[in-house]
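Got your viewer open? Here are some worked exercises to try by hand before you read the solutions.

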Amino acid sequence: MVFMDEYDVIVVGAGHAGCEAGLAAARMGKKTLILSINLESVAQLFCNPSVGGTGKGHLVREIDALGGEMGINIDKTFIQSKMLNTAKGPAVHSLRAQADKVQYHTEMKRTLERQENLDLKQGEVIDILTDDTGKVSGVLTRTNTFYKAKAVIIATGTFLRGKIFIGETAFESGPNGLSPSVDLADRLREKGLPLRRFKTGTPARALGSSLDYTKMTEQKGSEKIVPFSFLNDNLEKEQISCYLTYTNEETHRVIRQNFHRSALFGGLIEGIGPRYCPSIEDKINRFADKERHQLFIEPEGLSTDEVYIQGMSSSLPEDVQLEFYKTIQGLENLKIVRPAYAIEYDCIDSLDLKLNLENRQIENLFCAGQFNGSSGYEEAAAQGLMAGINAVLKIDGKEPFILDRSEAYIGVLIDDLITKGTNEPYRIMTSRAEYRLVLRQDNADLRLTQKGYDLGLVDENRYRRYLEKMKHVEAELARLRNKTVSPEEVNDFLAAVGTSPIRARTSLAELLKRPQVTYESISQIDDDTRPVLTEHEIAQIEVQIKYEGYIAKQLAQIERFKKLENKALPQTLDYSKVEGLRIEAMQKLNACKPLSVGQASRISGVSPADINVLLIYLEKKRRGERE
């Protein structure tokens, strides 16, 4: 064993989780090393060439508000931007952007290389080393090189004992033909970490020039580009179109005839796949009554003719893939550049982690991303950021940084993984957030930037912009609520926009609550004292006024939620000693060691009756201490 260097934090893996973890630790002042099997895998978009989407866009905005990099990087490298769910309320509006795959990787790698306190190196970690007390002491690489560390973050993505399946063929591999990490998986098992097998997949990539786009429906980006990063007010860029087409009965017939050749149905795959992103053969099997499934043709970048066939991942053989793809309108002459495949990999049972993403068994070992059982770039990046923050705080002997479910989608994501666990690759969705009207993507900076600044992740420029935005929004809200107009001044305008007249003086804020009235449109009845505001500020003002009543109700719900979250449970408590708890609840509580009654209430197998027992126990304990 050759000693090479000493670091505060070492990150194993340079995917989306690894990049955010390494940047967070370095920006908080710690000497940090990111090790990757292959530097070509840095921030690679191995599957869909996009960032954001329903629920996921919220995560990217929150990462950005805390001082992370994903939002900044996609703003630099997107080729199409679209706001989803605009026909619904603002709670579920979600930004999604198609990325230039090569540029996204290149820009993030350049950011890592230029970051102070951060080293990026190519090297395969084959073991996590610990000292006599069981605390992390460093990592060992394939070249028998030892790097000493105070904390280690595992962010291995789908590389850990990765195995690719294409029809009857299976071979050890990481994504996109890169080398897998086998020895590290074996060492982690030897250390007693509860690893499991999950599975995901990706569609074929085709040559764009072999497709007939005239037979498909063009999908353009949003006319008005909304940035991911709160540092960007306006972005102008020529956008590339995507295209929509559909499978048909002939497609389904070809796939059904070859079910027996699919690795999924042939019994080769043991890992559990993602429920919300199934393979095409799984879709046709599970939804046999559906006559067609939609597919999106998405360009992989400006420097390549490769396109991604979204909605059609598969583990069928290459000859079958070519046959069923060619049954689809516009794909009759398709040329496959890279075949679709399924990939199986090791990940940890997330119930073995604390809320700060530290492993329960090995002190100062943190875990992030798909290694924790999640799916998606955004979920990975969010966990990477939190693992990096908490690794630094643990080294410094400070309290962990934990976001609860009422503060951020990041809090929902981590609480779900750690408290409820997951039996399949976990995907964030707006429906998972109980307080989604408050956790909107438009106010992520107002919720989280102060926290990021206190941690040392948000720089002075971003913090100044945040304070200015707060000041401008509050001042304009007050002006709109205080300024009134008469029926004579506004009824013609109200008739023109299709809403009822007023009969007495009314504030501009009250008028703005009407669905037909926008902040921009009331400029016709507002005087010249209107301030010059950014798009971010205008969006915030409109939402706060239009949904004021609903937001107030949700804030009241959050207050009730906080009462249970603030009732702390002792980490040394042996729940088998608490009278009245059911056996299952005792076992689950002792395994999870929840921080609060609120967290305990979300553990599968802990009933409302068990929560009442805990509340009685805490009250008796409080009275005893007082006496």
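The exercises below walk through strands, loops, cysteines and a pocket of this predicted model.

**Exercise 1. Strand 9 and its partners**

Task: Work out which strands pair with strand 9, and in which direction they run.

Solution:
- Start with strand 1 (residues 2-12): 9 bridges tie it to strand 9, and the two run parallel. To find the register, pick V9, whose bridge partner in strand 9 is A151.
- Next, take strand 8 (residues 136-141), which is antiparallel to strand 9 and joined to it by 3 bridges. Here V139 has Y147 of strand 9 as its bridge partner.
- Strand 8 and strand 9 form a hairpin with 3 residues between the strands, and in it N144 takes a positive phi near 65°.
- Then go to strand 20 (residues 365-367), which is parallel to strand 9, with 3 bridges between them. I153 finds its bridge partner, F366, in strand 20.
- Finally, check burial: strand 9 (residues 145-154) is largely enclosed by the rest of the structure, because 8 of its 10 residues are buried.

**Exercise 2. Strand 4, strand 5 and the loop between them**

Task: Describe how strand 4 pairs with strand 5, then look at the backbone of N85.

Solution:
- Strand 4 (residues 78-84) has 5 of its 7 residues buried, which leaves it mostly covered.
- Strand 4 and strand 5 (residues 94-99) run antiparallel and share 6 bridges. One pair to click on is L84 and its bridge partner in strand 5, S94.
- N85 sits in the loop between strand 4 and strand 5. Its phi is positive, about 65°, although N85 is not a glycine.
- Most residues other than glycine have a negative phi, so a positive value is worth a look.
- As for exposure, N85 has a relative accessible area of 25% and is partly exposed.

**Exercise 3. Another positive phi**

Task: Where is N176 found, and is N176 buried or partly exposed?

Solution:
- Locate the loop between strand 11 (169-172) and helix 5 (183-190); N176 is found there.
- Read off the backbone angle: phi of N176 is near 55°, a positive value in a residue other than glycine.
- With a relative accessible area of 41%, N176 comes out as partly exposed.

**Exercise 4. Cysteines**

Task: How many disulfides does a search of the whole structure find?

Solution:
- The search finds 0 disulfides.
- Try C242: the nearest cysteine sulfur belongs to C47 and is 14 Å away, so with a cut-off of 2.5 Å C242 is in no disulfide. C242 is buried, at a relative accessible area of 5%.
- Now try C277: the nearest cysteine sulfur is that of C47, 6.0 Å away, and C277 is in no disulfide. At 44% relative accessibility, C277 counts as partly exposed.

**Exercise 5. Two buried loop residues**

Task: For S313 and A408, find the loop each one lies in and list the contacts.

Solution:
- S313 first: its loop runs between strand 17 (306-310) and helix 8 (318-325).
- S313 has a relative accessible area of 7%; anything under 20% counts as buried, so S313 is buried.
- Setting aside neighbours within four places in sequence, the contacts of S313 are G201, T202, P203, P278, S279, I280 and E281.
- On to A408, in the loop between helix 9 (377-395) and helix 10 (409-420). Relative accessibility here is 0%, so A408 counts as buried.
- Not counting residues up to four places away in sequence, A408 touches E62, L403, L439, R447 and L448.
- For a distance check, go from A408 to T529: they are 121 residues apart in sequence and 35 Å apart in space, C-alpha to C-alpha.

**Exercise 6. The second largest pocket**

Task: What is the volume of the second largest pocket, and which residues lie closest to its centre?

Solution:
- The second largest pocket holds about 1000 Å³ of space.
- It has 34 lining residues, and the closest to its centre are K224, E535, I538, A539 and E542.
- Helix 15 (residues 535-546) gives the largest share of the lining of this pocket, 7 residues.
- Sorted by class, the lining of the second largest pocket has 14 nonpolar, 8 polar and 12 charged residues.

Key:
Residues are numbered from 1 along each chain as its sequence is written. This is a predicted model: local features need pLDDT of at least 70, side-chain atom pairs count only at pLDDT 80 or more; totals for chains, interfaces and linings use all residues. Side-chain values use heavy atoms; hydrogens and water are left out. Buried means under 20% relative accessible area, exposed over 50%, partly exposed in between (1.4 Å probe, protein chains only). Helices (H or I, at least four residues) and strands (E, at least two) are DSSP runs, numbered from the N terminus. Contact means heavy atoms within 4.5 Å. Two strands pair if DSSP finds at least two bridges between them. On a 1 Å grid over the protein atoms alone, a cavity is a set of points where a 1.4 Å probe fits but cannot get out, and a pocket is an open set with protein on both sides within 12 Å along at least five of seven lines; lining residues have an atom within 4 Å of a point. Grid points are joined across faces, edges and corners, and a volume is the space filled by probe spheres set on the points. Ala, Val, Leu, Ile, Met, Phe, Trp, Tyr, Cys and Pro count as nonpolar, Asp, Glu, Lys and Arg as charged, and the others, Gly among them, as polar.
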